[in-house]
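Student: Hi! Could you walk me through a structure I have open on my screen?
Tutor: Happy to, let's have a look together.

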Amino acid sequence: MADHYEILGVSRDASQDEIKKAYRKLARQLHPDVNPGEDASERFKLVTHAYDVLSDEDSRRRYDMGGDAGGGFGGGFGGFGDIFETFFGAAGGGRGARPRSRRERGQDALVRINLDLGDVVFGVHRDIEVDTAVLCETCEGSCCQPGTSPVTCDVCGGSGHVQRQVRSLLGNVVTTQPCGSCEGFGTTIPYPCGTCAGQGRVRSRRTVALDIPAGVETGLRLQLPGSGEVGRAGGPNGDLYVEISVAPHPVFSREGDDLLATLDVSMTDAILGTTTTIDGLDGTVDLELRPGVQSGDVLTIGGRGITPLRGSQRGDLRVGVQVVTPTKLDSAQRRLIEDFAKKAKAPAPKLAQFQQGLFSKLRDRFRNH
């Protein structure tokens, strides 16, 4: 059985740096992708296994003390080892494995935006500021200093993978693993870009123009494909998601595509009827109150609600009437009301069917109107 130190061409008291340097030198000469000869392939396996044993302090100590430490090729590649070679592709030298790309898709980003209820009637345009990763302008995503480029890894020969031999109960098994020198990329960057530290992207704040459609509501997320952060090494952008939050309005509330509001009406206007103008979310609205209007009656103004998210027919504005009874009267006003009551011969108070509170009554009428 060949001595691991002799295989690597180092002394028994060699440092870890010397062992690694010797391995890298031999790997460049013997890797199957560089030297396809059968003898070179076998020597590469021996070199790789020797490095596996000696590069680990525990296994090297056991080996120096005369233990196996997973080393040796005494059993050869016969028996079950041949079967494992067939399935794990040892004879192929890892040539079927491809190096992984440095370019990666960027991550998605999420921002939240606050809107007023008036913004969702017709939709609104917003320019939003996003802190994200953008393409490095110095290297334009190459990760290298200008004028330089990646070089082929001298350990794996550009394949991005190296072979490791593992001794198991069933024999010696050769597996393919990502190259530790180039991290599986097949190339190394000797002169990384100083602006992005070899990432091909930098953090920056940028402005994204956003047209928010009508009819959005709290919790809705809008997706902007390709507006997220740029990927490593200039990889494609991720997506940007904008989560909507609609602030409560002091006057109007929303039910589907309809707007709801309550109109306080004086007792005299309720008795005699009147016309009035209110301020809607998109301009003034004229209302006509018929004589004798009651608390809980609902006035519907068609087409003055919210434009739906999918469609063009706006909802309605529904106004619930609340008759306000005066609580403070002077003596003259009181005499007029008393005189009116005598002439109107209003019936005495009596029990009637139980009615819910005004707001519940309005809610029910809104829903059933």
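Tutor: First, some vocabulary: two strands pair if DSSP finds at least two bridges between them, and strands are DSSP runs of E with at least two residues, numbered from the N terminus. This is a predicted model, where local features need pLDDT of at least 70, side-chain atom pairs count only at pLDDT 80 or more, and totals for chains, interfaces and linings use all residues. Residues are numbered from 1 along each chain as its sequence is written, and side-chain values use heavy atoms, with hydrogens and water left out.

Student: Great. In which sense do β8 and β9 pair?
Tutor: Antiparallel, over four bridges, with β9 covering residues 240-246. Within that strand, Glu-243 stands opposite Arg-221.

Student: And what order do the strands of the open sheet take?
Tutor: The order is β1-β9-β8, three strands with mixed pairing. At the edges sit β1 (109-115) and β8 (221-224), each pairing on one side only.

Student: Switching topic: how many disulfides are there?
Tutor: Zero, taking a disulfide as a pair of cysteine sulfur atoms within 2.5 Å. For Cys-144, the nearest cysteine sulfur belongs to Cys-143, 6.5 Å away. Cys-179 is in no disulfide either, as the nearest cysteine sulfur, that of Cys-182, is 3.8 Å away.

Student: Is Cys-179 buried or exposed?
Tutor: Buried, at 1% relative accessibility. Buried means under 20% relative accessible area, exposed over 50%, and partly exposed in between, using a 1.4 Å probe and protein chains only.

Student: What about Cys-144, buried or exposed?
Tutor: Cys-144 is buried, with a relative accessible area of 1%.
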